[in-house]
Amino acid sequence: AGTASPPRSGSVEAVLPRPRFHLDLWLSFTFQNWILDVGRPVVMLVLPADWLPLQHPGVADHLHFLYNVTAPLILLKVDVFELLFHYDDTVGHMMWYVPFFLVLVLFFNGCFSRREQEERMPPSAWMLLAPNAAYYWYLITEGQTFILFTFTFFAMTTTVMHQRRRGLFLNSDGLFMFYSFSAALILVAIWVACLWNDSILRTTVPGLIYIPRPCTVYTLHLHQMSHI
């Protein structure tokens, strides 16, 4: 029997395996975000202030420190660098949020595949979309990261347009991230629109960008109403 001839240039290329949606990654992130980050102000409201000595970090501080430890461990599937966090309202925010969004962009850059491998988000991804987008809304409003978040989303959009010209399209992980960012911006727009005419909040939000913090809204309105 004769040997098989090599495939011609016009033949169909070998079918590559379809990239899977990393449910374990996004599920771990969802639990971590809501328990260790969103849970911090809840812990401060529930637990007494004198739970620990004044010269030691509080329970909420320990949750924040734990967040910085678990985030790189969850992101071991991408290139991760050591996160150094100095607890400060200004420098500390940038030392945490800039590496966090940078890692997300690096991960997003690897979420592309050829047209033959293009796939839609599975049901598990749609189930996680709402809590993930809600966390990003919290990150923008309470963390005051609107500019950094918008810049990250712009970088993601530019990457999508560039990769499309190369014949590459978002896989399920990339679609999940892109939809989560888009939904978060919609939630922020609704949040700002609902509080746009609040004269009391206007005095507490300096600068040109008006995005009230949820804790501020609770303190000025809901908390006061509960004591009336």
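The exercises below, each with a worked solution, concern the predicted model shown above.

Residues are numbered from 1 along each chain as its sequence is written. Because the model is predicted, local features need pLDDT of at least 70 and side-chain atom pairs count only at pLDDT 80 or more, while totals for chains, interfaces and linings use all residues; side-chain values use heavy atoms, with hydrogens and water left out.

**Exercise 1. State how many helices and strands the protein has, and in which pattern they follow one another.**

Step 1. Helices (H or I, at least four residues) and strands (E, at least two) are DSSP runs, numbered from the N terminus.
Step 2. The protein has 9 helices and 2 strands.
Step 3. Along the sequence, their pattern is α-α-α-α-β-α-α-β-α-α-α.
Step 4. A residue is buried under 20% relative accessible area, exposed over 50%, and partly exposed in between (1.4 Å probe, protein chains only). Of the 228 residues, 40% count as buried.

**Exercise 2. Compare the end-to-end distance of α5 with its expected span, and locate its bend.**

Step 1. The expected span of a helix is 1.5 Å times one less than its number of residues.
Step 2. For the 19 residues of α5 the expected span is 27 Å, and the end C-alpha atoms are 28 Å apart, which agrees.
Step 3. A bend at a residue is the angle between axes fitted to the seven residues ending there and the seven starting there. In α5 there is a bend of about 35 degrees at Leu 129, and Pro 131 follows within four residues.

**Exercise 3. Identify the salt bridges and describe the surroundings of each partner.**

Step 1. A salt bridge is a side-chain nitrogen of Lys or Arg within 4 Å of a carboxyl oxygen of Asp or Glu. The count by this rule is 2.
Step 2. Arg 40 pairs with Asp 37, with 3.1 Å between the closest N and O atoms. Arg 40 is buried at 13% relative accessible area, and Asp 37 is buried at 3%.
Step 3. Glu 142 pairs with Arg 213, with 4.0 Å between the closest N and O atoms. Since Glu 142 lies in the loop between α5 (123–141) and α6 (146–165) and Arg 213 in the loop between α8 (199–202) and α9 (214–226), this pair ties together parts 71 residues apart in sequence.
Step 4. Glu 142 is buried at 14%, whereas Arg 213 is partly exposed at 34%.

**Exercise 4. Determine what is notable about the phi of Gln 144.**

Step 1. Gln 144 is found in the loop between α5 and α6.
Step 2. Most residues other than glycine have a negative phi.
Step 3. Gln 144 is not a glycine, yet its phi is positive, about 55 degrees.
Step 4. With a relative accessible area of 35%, Gln 144 is partly exposed.

**Exercise 5. Find the number of disulfides, and classify Cys 194 and Cys 215 by accessibility.**

Step 1. A disulfide is a pair of cysteine sulfur atoms within 2.5 Å.
Step 2. The whole structure has 0 disulfides.
Step 3. Cys 194 is exposed, at 63% relative accessible area, and Cys 215 is partly exposed, at 31%.

**Exercise 6. Describe the place of Phe 21 and its separation from Cys 111.**

Step 1. Phe 21 belongs to the segment before α1.
Step 2. Phe 21 is buried, with a relative accessible area of 9%.
Step 3. Phe 21 and Cys 111 are 90 residues apart in sequence, and their C-alpha atoms are 9.9 Å apart in space.
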